[in-house]
Amino acid sequence: MDLITANALITGAYDQLLSRKERGNATRRSLILATIHLGARLGFSNVPLRCIVEVSKSRNISAIHYHFKGKEGLLREAARAINAAWPTAIAPEATVDVRTILAHFLLNLEKLKQAENWAQDVIPFLARLCLDDAEPAQQAAAELLTPRLGEIYKAIKPHCPDIPKVLLRLRVSNACLLLLTISANLNECYLAALGCSSANRDRAEHLAQAVELAASIVCSEPPSSEGPAACILVTQASTQVAAPST
């Protein structure tokens with residue numbers, strides 16, 4: 001075998017190996033996206049493996065076991081993908097008051113929708129994960145939400161010195177879950193059902209109102225009707241980070 005033939009064989013083998021790896025990565029990605037897509041509609045625990053395979057256009061269920069060792073492994077990888085795209089830290093300029101902190105949390109949810117090819121599926125997937133009683137789903141939800149709610153609590157705590165710590169943690173959790181639920185359900189179909197004429201503008205106004213309601217939960221006071229700076233921030237930013245059409 002001459003040197004040219006040997007080099008050609010080595011190059012061909014390398015290209016074949018690379019192509020196989022790329023196909024494997026593409027299969028993993030399509031399975032994760034299919035899981036998020038179906039989990040957003042049915043809840044992760046209610047999604048049959050065969051449906052994930054069909055939506056992802058994989059060959060068979062063995063692909064899930066090969067790449068993820070089973071359904072729970074697939075959920076862990078889906079949660080890892082979401083975690084990587086969802087910021088935890090809060091910028092110092094976003095901690096000026098309770099409303100701005102909550103607006104920061106809500107805007108990160110809105111931006112998360114744009115981070116990958118999961119479009120509007122990711123937030124409903126998260127919301128359903130929080131309501132899923134199965135242990136793997138509860139664990140995944142806790143791993144995603146606990147560090148972020150902890151950061152929100154630490155940022156809000158100096159603004160609410162008179163509220164007992166345990167009560168404040170409960171209020172912060174309830175406020176953030178409210179924002180998560182609203183972000184999950186505030187889509188174009190919902191706005192059309194409400195008779196909204198401008199999807200982006202009306203959506204931004206609903207998000208601003210959601211921040212006010214969440215702040216009233218934390219502070220135990222009626223929502224403000226004066227349009228504070230945090231709500232203006234939500235209105236402007238959410239218009240720029242408009243959700244894609246479904």
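This is a short tour of helices, charged pairs and a few single residues, to follow in your viewer. Keep in mind that the model is predicted.

**Stop 1: helix α4**

Start by selecting residues 71–85, which make up helix α4. This helix has 15 residues, and from its first C-alpha to its last it reaches 22 Å. That is close to the 21 Å expected at 1.5 Å a residue. Now colour Gly73, Leu74, Leu75, Ala78, Ala79 and Ile82: these are the buried residues of α4.

**Stop 2: from α4 to α1**

Stay with α4 and show the side chain of Glu77, then add Arg28. The two form a salt bridge, with their closest N and O atoms 3.4 Å apart. Glu77 belongs to helix α4 and Arg28 to helix α1 (residues 3–42), so this pair ties together parts that are 49 residues apart in sequence. Why do such partners meet at all? Side chains of opposite charge can pair when their charged atoms come close. Is Arg28 buried or exposed? Arg28 is partly exposed, with a relative accessible area of 24%.

**Stop 3: the far partner of Arg41**

How many salt bridges does the structure hold? There are six. For another of these pairs, select Asp121 and Arg41, whose side chains meet in a salt bridge at 2.7 Å, N to O. Asp121 sits in the loop between α5 (98–115) and α6 (122–131), while Arg41 is in helix α1, so the pair ties together parts that are 80 residues apart in sequence. The two partners also have their own surroundings to look at. Asp121 is buried, with a relative accessible area of 14%, whereas Arg41 is partly exposed at 44%.

**Stop 4: a pair inside α5**

Next, pick Lys113 and Glu110. They form a salt bridge too, with the closest N and O atoms 3.1 Å apart. Both residues lie in helix α5, three residues apart, which is about one turn of the helix. An α-helix has 3.6 residues a turn, so residues three or four places apart point the same way. Lys113 is buried, with a relative accessible area of 1%, and Glu110 also counts as buried at 1%. Elsewhere, salt bridges that share partners join Arg28, Glu77 and Arg80 into one network, so select those three together.

**Stop 5: Arg99 and Ala91**

Remain in helix α5 and find Arg99. This residue is buried, with a relative accessible area of 17%. Now add Val211: Arg99 and Val211 are 112 residues apart in sequence, yet their C-alpha atoms are 6.4 Å apart in space.

Then move to Ala91, in the loop between α4 and α5. Ala91 is partly exposed, with a relative accessible area of 26%. Draw a distance from its C-alpha atom to that of Ile101, 10 residues away along the chain, and you should find a separation of 9.3 Å.

**Stop 6: α7 against α8**

For the last stop, show helix α7 (residues 135–156) and helix α8 (residues 165–185). They pack at an angle of about 120 degrees, and their axes are 10 Å apart. That angle makes α7 oblique to α8. The crossing of α7 past α8 is right-handed.

Which residues meet here? From α7, select Leu145, Leu149, Ile152, Tyr153 and Ile156. Their counterparts in α8 are Lys165, Leu168, Arg169, Val172, Ser173, Cys176 and Leu177.

Note on methods. Residues numbered from 1 in each chain as written. Predicted model: local features only at pLDDT ≥ 70, side-chain atom pairs only at ≥ 80, totals over all residues. Heavy atoms only, no water. Helix = DSSP H or I, 4+ residues; strand = E, 2+ residues; numbered from the N terminus. Expected span 1.5 Å × (residues − 1). Buried < 20%, exposed > 50% of the residue type's maximum accessible area, 1.4 Å probe, protein only. Salt bridge = Lys/Arg side-chain N within 4 Å of Asp/Glu carboxyl O. Axes fitted to C-alpha atoms, helices over the stretch in contact; angles between N-to-C directions. Parallel < 35°, antiparallel > 145°, perpendicular 65-115°, else oblique. Left-handed = near helix turned anticlockwise from the far one by under 90°. Contact = heavy atoms within 4.5 Å.
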